[in-house]
Amino acid sequence: MKIVDAKVIVTCPGRNFVTLKVTTDSGLTGIGDATLNGRELAVASYLRDHIAPLLIGRDAHRISDTWQYLYKGAYWRRGPVTMTAIAAVDVALWDLKGKAAGLPVHQLLGGRARDRVMVYGHAGGETIDDTLDDVRRFVDAGYRAVRVQCGVPGLPSTYGVGHGGPGPYEPAEAGAAPTESVWSTTKYLDVVPRLFAAVRERFGPELELLHDVHHRLTPMEAARLGESLLPYRPFWIEDPTPAENQGAFGLLRSHTTAPIAVGEVLTSIWDCQDLITNQWIDFIRTTVVHAGGITHLKRIFDLADLYQVRSGSHGATDLSPVSMAAALHVDVAISNFGIQEYMPHTAETDDVFPHTWWFSDGYLHPSEEPGLGVEIDETLAERFEYRPAYLPVNRLEDGTLHSW
Ligand code: CS2
Ligand code: MG
């Protein structure tokens with residue numbers, strides 16, 4: 001099954017997506033998501049200018065060899081641009097292999113280990129009451145797990161709270177430069193326990209509650225947050241402190257038993273090896289689109305399984321329906337599945353990426369069609385031109401640049 005074409009498609013149905021489409025001499029096509037929010041064109045060029053020419057003539061069935069060829073062959077290893085580009089190729093080749101075999105990808109990964117994939121949604125609001133109203137929306141839709149975020153009194157805006165009203169939270173904003181937000185750890189640490197208390201009061205003990213700190217605390221501030229939330233049984237506290245310093249999680253772990261999730265910005269097994277093998281975390285959030293594709297994500301989850309760390313893959317709207325399709329095949333096949341993040345895309349996006357994975361009653365279900373079960377409508381995609389967009393930057397009240 002020889003590769004005869006590898007095409008990069010950039011489209012913007014409300015937000016930018018980069019997709020790789022690989023075509024074989026038998027006429028089969030496979031696709032992979034290559035979207036890196038705020039740096040999309042870097043990956044598009046990496047694929048178009050450096051990888052696509054190398055794929056022509058290669059045997060599409062040799063997924064592992066191609067992965068190693070692109071990883072070791074680059075010399076410059078790891079990093080979000082490289083690993084997202086490799087991921088797009090890897091996922092497209094798994095799509096092709098499934099189509100050639102007439103099997104959904106999860107059947108190539110060992111078949112189902114579960115019937116369905118539990119997901120969590122994003123509830124948010126400017127005030128605690130607004131967030132409670134939004135949580136109600138998810139509970140009524142059948143969700144068993146909800147991430148809760150709310151505005152911080154005294155701050156004009158904060159992470160995880162949309163620009164007015166419910167609906168997909170899309171942090172990247174179109175423009176020639178990032179918008180700037182202001183942060184105060186003191187004000188933040190005061191409001192989150194009140195938010196959790198209010199949600200437990202209103203919705204009771206069953207609902208799984210998650211929270212995303214988004215890299216903003218020191219390990220000891222995160223420990224204080226963990227201890228303050230324990231009475232409300234958090235399912236996880238996500239990205240409590242920046243993960244470049246993996247050892248910080250050892251310090252955090254020694255001060256709180258609150259469940260910890262990290263990994264959406266980690267792009268290789270080596271970047272989370274210490275976190276996993278020291279059991280400093282409970283969930284690893286690496287994703288199929290940014291951590292080297294299905295091949296590498298499976299390696300990470302298999303390592304995590306040895307240390308009782310469960311999966312909890314990132315699934316925000318800047319990961320395309322192609323990513324979600326691939327993620328669900330992995331989610332349903334691994335033994336240490338934890339939970340899958342799910343932010344429904346806009347109707348426009350779903351039109352560009354028609355798919356047969358589906359949601360019902362708080363769970364997602366992977367496609368049973370051969371391959372991934374998702375395609376790209378190139379004619380429609382062409383109507384949505386790329387537009388520059390950036391994730392915000394974040395400053396402390398004194399102007400110091402902080403983690404966003
Ligand atoms: C967040 C994301 O979904 C999450 O857990 O961390 O919204 C993240 O901010 C975006 O995916 C960044 O592009
Ligand atoms: Mg996050």
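The following questions and answers concern ligand 1 and one open sheet in a predicted model.

User: Which residues are closest to ligand 1, among the 15 that surround it?

Analyst: A residue is near a molecule if one of its heavy atoms lies within 4 Å of it. By class, the shell around ligand 1 has four nonpolar, four polar and seven charged residues; Asp, Glu, Lys and Arg count as charged, Ala, Val, Leu, Ile, Met, Phe, Trp, Tyr, Cys and Pro as nonpolar, and the others, Gly among them, as polar. The closest are H214, E238, E264, D318 and E341.

User: How much of the accessible area of ligand 1 does the protein cover?

Analyst: A polar side-chain atom of E341 lies 2.4 Å from an oxygen atom of ligand 1, and one of D212 lies 3.0 Å from an oxygen atom of ligand 1. Accessible areas come from the Shrake-Rupley method with a 1.4 Å probe. Of the 340 Å² that ligand 1 has on its own, the protein covers 96%.

User: Which residue stands opposite E180 in strand 17?

Analyst: Strands are DSSP runs (E, at least two residues) numbered from the N terminus, and two strands pair if DSSP finds at least two bridges between them. Strand 7 (180-183) is an edge strand of the open sheet, whose order is 7-17-18. Strand 7 and strand 17 (residues 393-396) pair in the parallel sense over four bridges. Opposite E180 stands V393.

Residues are numbered from 1 along each chain as its sequence is written, and chains are lettered from A and ligands numbered from 1 in the order in which they are written. In this predicted model, local features need pLDDT of at least 70, side-chain atom pairs count only at pLDDT 80 or more, and totals for chains, interfaces and linings use all residues, while side-chain values use heavy atoms, with hydrogens and water left out.

Terms used: A polar contact is a pair of N or O atoms within 3.5 Å; within protein, one must be able to donate a hydrogen and the other to accept it, and residues adjacent in sequence count only if both atoms are side-chain atoms.
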